[in-house]
Structures are given as structure tokens and as C-alpha cells.
Amino acid sequence: MNFIKADPFLISALNEDITDCDITTDSIVDALAMGEAHLFAKEDGIICGLEVFERVYKLVDSKMEITFYKKDGDFVKNKEEIALVKGPVRAILTGERTALNYLQRMSGIATKTNAIVKLLDGSKTHLLDTRKTTPNMRLFEKYAVRIGGGVNHRYNLSDGIMIKDNHIDAAGSIAKAIKMSRDMFGYTHKVEVECENLAEVKEAVENKADIIMLDNMTKEMMIEAIKLIDSRAVTECSGNMDYDKINLIKEIGVDYISSGAITHSAKILDISLKHLTVTK
């Protein structure tokens, strides 16, 4: 994780939770008190975001020390201890919620991603994420996808040309949209075209699209589209890719499946900081 990029987001999250001070903790805990607490998984899953968890605490107080028993990508079981958190008691309590929010969210995404990756095991198809991420969380959520075994699609609008239905409407046709993209950027960027039917697939192939997304097609339409493309473009399918649908189409030979659900609908992994003790 790139702390230079991450710090502004982490600081913003801490400022959201602490506008002035932690009035509960500061009224109860002595400013000089030192202590420790234990980080536990409360359900099975893939852990992700440990560096972020630590960085949040370091931003709260540089004297914080975290000893990890796991690393990102490890499988954790319910009730398994993940880390020991040591430092000023006020910092342990004040940073707890923000640190856990990142860790739980990222671990949930990694866990959901990993479940789909395992579903695709043995096929040629790889799992992609999308830009359907939580605002100001994309850096963390896309990292979690990678830890779960998925592949990142473009990070933002500057990373790749993706011609979708509204772009096609604005340009007038797929052919015109591809030509305008090539005229502007040449061949320095790959061009992806979203197609909803076989006629659009044919037009995208004829105009040398690099990637063709088969959007919300039936399994039968996807099979025909892949035959029509005939390895002349990378293939990607998308559209409400739940477990059942992915299981149904994983053997048809598509190169990638893209899923917004792995980021926008992932359940958090339940993780808790418990058994706080004051050591001095």
C-alpha cells in the first residue's frame, strides 16, 4: 500500500470521527496510561488491510506498536487472534473504530473476491473489478480485490478508453466512437467497447476494438459472440454477475468476468479489538 497516496484519505477518515477530541476516552483514561488489546476475527475469511490498520493507529499516535500474527491474504478463522495492539490507551480507544472500519471493509472485499476466484478455478477466465467503489475508498478496495486473487480493471477514467452505450449514442455509432478515440489517442490506449447484442459485437470487431464487453447477454448469446469475435479481441462479460451466473458461464471461454458486486456489495468481515488491559 502506498502511504503517500493513502494518508490523505486516512487523515480525512480520522477527522470525520474526531472533530475535536474523544470526549468519552479523554474523560475516563489517564493521558499517560499505556496498555494493550487483542485483535480477533469473529468469522472465517481472508484478512486484508493490516498495513492500513497499523497506519491509522500511527497517525493517531506515533508511539503505537502493532504485532501481527497474520499477513494480508491469509485465511483467518473465527476467534483466531490476528494482532496485538500496544501503546497509549487513549490512542488504542480513539483509533479503534476508524482502523477497524478499513480492516473489516477490505477483508470483506478480499473474502468475496476470493470466493469467486475459487469458483473460476480451472477455467481460463479471470475476475475483474469495476469503478463501482465507495467514494474515496477506491485505492483500498481495489487493493483488496488483488489480495483476494482478482484483477484490477482501469483505476479511473484516465486509465483506459471504455466506450459504453451512452458514448455510442453521443457519437452516433460504435464505428464513429472508435474512430474518434483513435484520432485523439492513436494506439497508445486500448479501446474497449460495451456491446449488448451480436450486431454491436460485429461492428466492434470490424472496427478493431481491442476489448469487447458482452453486457447483460444470455449464455447462448455470449457463446455466439465469442465465436464471432474469434480471438480478434479480448473478451469480457458483465452484468449482474452473481455466483449462479458465473458458475453457468465460466466454461464458455470468455477471458474476463467483471463484477461490481465484489466491491459495492461485499459484506464486511467481522473483526473485533478486545480484552484491553492497562499495563502502566
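In what follows, Ala, Val, Leu, Ile, Met, Phe, Trp, Tyr, Cys and Pro count as nonpolar, Asp, Glu, Lys and Arg as charged, and the others, Gly among them, as polar. The structure is a predicted model, in which local features need pLDDT of at least 70 and side-chain atom pairs count only at pLDDT 80 or more, while totals for chains, interfaces and linings use all residues. Residues are numbered from 1 along each chain as its sequence is written, and side-chain values use heavy atoms, without hydrogens and water.

An open sheet of 6 strands (DSSP runs of E, at least two residues, numbered from the N terminus; two strands pair if DSSP finds at least two bridges between them) has the order S6-S11-S10-S9-S8-S7, with parallel pairing. Its edges are strand S6 (126–128) and strand S7 (161–163), each pairing on one side only. Within the sheet, 4 bridges join strand S8 (residues 191–195) to S9, and Glu194 has Met213 of S9 as its bridge partner. Helix H7 (residues 174–185; helices are DSSP runs of H or I, at least four residues) packs on this sheet and touches S7 and S8, contact meaning heavy atoms within 4.5 Å.

The lining of the largest pocket divides into 6 nonpolar, 10 polar and 10 charged residues. A pocket is an open set of points on a 1 Å grid over the protein atoms alone, where a 1.4 Å probe fits, with protein on both sides within 12 Å along at least five of seven lines; lining residues have an atom within 4 Å of a point. Helix H4 (89–119), strand S9 (211–215), strand S10 (234–238) and helix H11 (261–264) each supply at least two lining residues.

Note on methods:
Axes are lines fitted to C-alpha atoms, for helices over the stretch in contact, and angles run from 0 to 180 degrees between N-to-C directions.
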